[in-house]
Amino acid sequence: MNPRRIHLCLAHMSGNEQKYIDEAFADNWVVPLGPNVDAFEHDLREFLADGDPSRSHIRVAALSAGTAAIHLGLILAGVQAGDEVICQSFTFAASANPIVYQGATPVFVDSEPDTWNMDPELLDRAIADRVAVTGRKPRAIVPVHLYGMPAKMDAIMEIAAKWDIPVVEDAAEALGSRYRGHACGTLGTYGVLSFNGNKMITTSGGGALVCPDDASRARAVFFATQAREAFPYYQHEHIGYNYRLSNICAGIGRGQMTILDEHIAHHRRLAALYASLLADVPGVTYHDNPDKDTESNFWLSTIIIDPDLTNGLTPDALRLHLESLNVESRLLWKPMHLQPVFAASPAYVNGVSDSLFARGLCLPSGPWVTEDDVRMIVTEIKKCSTSS
Ligand SMILES: *Cc1c(COP(=O)(O)O)cnc(C)c1O
């Protein structure tokens, strides 16, 4: 057994985080605003938009979680109680839960096989059908870049524009990924980032909403700070939230931004190694960039196992074998249209995410995973897939 546990993606500090936290304490900025929040937002904006003049307009609001960012994105998109919101089915529940916080109903749309993300053609058909069934358009669309792999955003944005529906782009797993040269998080009407403990970078917990201009960012911050109106007394005309990022957590974020590029390069190096070592393993397919448009950050490396070519190997049997060696792996996200809590939601499915869920596994990919770890893991996969 491996004495050191190999995790999927564990937080990794640069060493600069403590300095920013100490500054916050020294200046008594131990509150959900302050210089670290401002600087972290600045660094994120620069990372997403630098060198891309088509993105110079974007503004970033740092928040307490990616889930909070999705919620505020939906509010800014105008989602209200009784509305329907289209959401990618193949995702983590946090993509869909805020739709219900708003009193709206999620309508799930399945994936296409290239990127595993929202199928643009099925999206178009789903919208047309919702209009036919309910007489109203869905109020927003939530596509996801799952495991860091960019969705086919040009096609999705084209359909969204045709129907005039805003898009809340869930890039929680895709910080550093690019689609046709543009940073994920800047492709939708609004973009969502997450800095939870196991994402590309962490603030221990946190997120951000990427906004198209100063006015929408101000609106997001307004709702994130209890929707207090501009009066000398506390005047409220909307329901607000307490969603701002603390100045302490933002200090961690500033430190993390100094090693984000290194983290992305590391995830991609491991991905390339997995892909090359698995290339000659029958029945095991590495989920690689499908074409030149997509540049995944490979937040997690993922594989599909064909039981017919691997002596009936199931993802869970492989997971348990790796677990016995102290190696963490995880089944792919169970699609939302299969979740009991969303059983009453309409769903437009094509079998793609069902099949991925049945056959896929996530492999260790984070900053603490070494190339030797990857070689060992692939050796074990080969053992399992050739024995029975
Ligand atoms: C992590 C994640 C979120 C939520 O982010 P939190 O910061 O944990 O609230 C949303 N969507 C996806 C796809 C995620 O992986």
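1. Let's start with N117, which touches Q88, D110, S111, E112, V144, H145, L146, M149, P150 and A151, leaving aside residues up to four places away in sequence. Bear in mind that this is a predicted model. N117 sits in the loop between β3 (105-109) and α5 (120-134). Its side chain reaches the backbone nitrogen of L146 at 3.0 Å. Is N117 buried or exposed? With a relative accessibility of 0%, N117 counts as buried, the cut-off being under 20%.

2. Next, Y147. You'll find Y147 in the loop between β4 (140-142) and α6 (153-163). Most residues other than glycine have a negative phi. Y147 is not a glycine, yet has a positive phi of about 60°. Y147 also counts as buried, because its relative accessibility is 2% and buried means under 20%.

3. Q226 deserves a look too. Here again phi is positive, near 70°, in a residue other than glycine. Q226 comes just after α7, in the loop between α7 and α8. How buried or exposed is Q226? Q226 is partly exposed, since its relative accessible area is 39%, and that term covers values between 20% and 50%.

4. Now for α7 itself, the helix spanning residues 214-224. Which residues of α7 are buried? They are S216, R217, A220, V221, F222, F223 and A224. Those buried residues pack against two helices and three strands that you can pick out in the model: α2 and α3 (66-76), plus β1 (59-63), β8 (190-194) and β9 (207-211).

5. On to the helix pairs. Two packed helices are described by the angle between their axes and the distance between the axes. For α2 (residues 35-49) and α8 (residues 247-257), the angle is about 35° and the axes are 8 Å apart. The crossing of α2 past α8 is left-handed. On the α2 side the contact uses P35, N36, V37, A39, F40, D43, L44 and F47, while α8 brings N247, A250, G251, G253, R254 and M257. Sorted by class, the contact of α2 with α8 holds eight nonpolar, four polar and two charged residues.

6. Then there are α9 (residues 260-278) and α12 (residues 371-386), whose axes come within 10 Å and cross at roughly 30°. Angles under 35 degrees count as roughly parallel, so α9 and α12 are roughly parallel to each other. Their crossing is right-handed. From α9 the contact takes R269, L270, L273, Y274, L277 and L278; from α12 it takes E371, V374, R375, I377, V378, I381 and K382. In the contact of α9 with α12 there are nine nonpolar residues, four charged and no polar ones.

7. Last, α12 also packs with α10 (residues 315-324), at an angle of about 130° and with the axes 11 Å apart. How do α10 and α12 lie to each other? They are oblique, because their angle falls outside the ranges for roughly parallel, roughly antiparallel and roughly perpendicular. The crossing of α10 past α12 is right-handed. In this contact L318, H321 and L322 of α10 meet I377, E380, I381 and C384 of α12. By class, that gives five nonpolar residues, one polar and one charged. Note that I377 and I381 turn up in the contact with α9 and in the contact with α10.

Conventions: Residues are numbered from 1 along each chain as its sequence is written. This is a predicted model: local features need pLDDT of at least 70, side-chain atom pairs count only at pLDDT 80 or more; totals for chains, interfaces and linings use all residues. Side-chain values use heavy atoms; hydrogens and water are left out. Axes are lines fitted to C-alpha atoms, for helices over the stretch in contact, and angles run from 0 to 180 degrees between N-to-C directions. Helices (H or I, at least four residues) and strands (E, at least two) are DSSP runs, numbered from the N terminus. A crossing is left-handed if the near helix is turned anticlockwise from the far one by less than a right angle, and right-handed if clockwise. Contact means heavy atoms within 4.5 Å. Ala, Val, Leu, Ile, Met, Phe, Trp, Tyr, Cys and Pro count as nonpolar, Asp, Glu, Lys and Arg as charged, and the others, Gly among them, as polar. Buried means under 20% relative accessible area, exposed over 50%, partly exposed in between (1.4 Å probe, protein chains only). A polar contact is a pair of N or O atoms within 3.5 Å; within protein, one must be able to donate a hydrogen and the other to accept it, and residues adjacent in sequence count only if both atoms are side-chain atoms. Angles under 35 degrees count as roughly parallel, over 145 as roughly antiparallel, 65 to 115 as roughly perpendicular and the rest as oblique.
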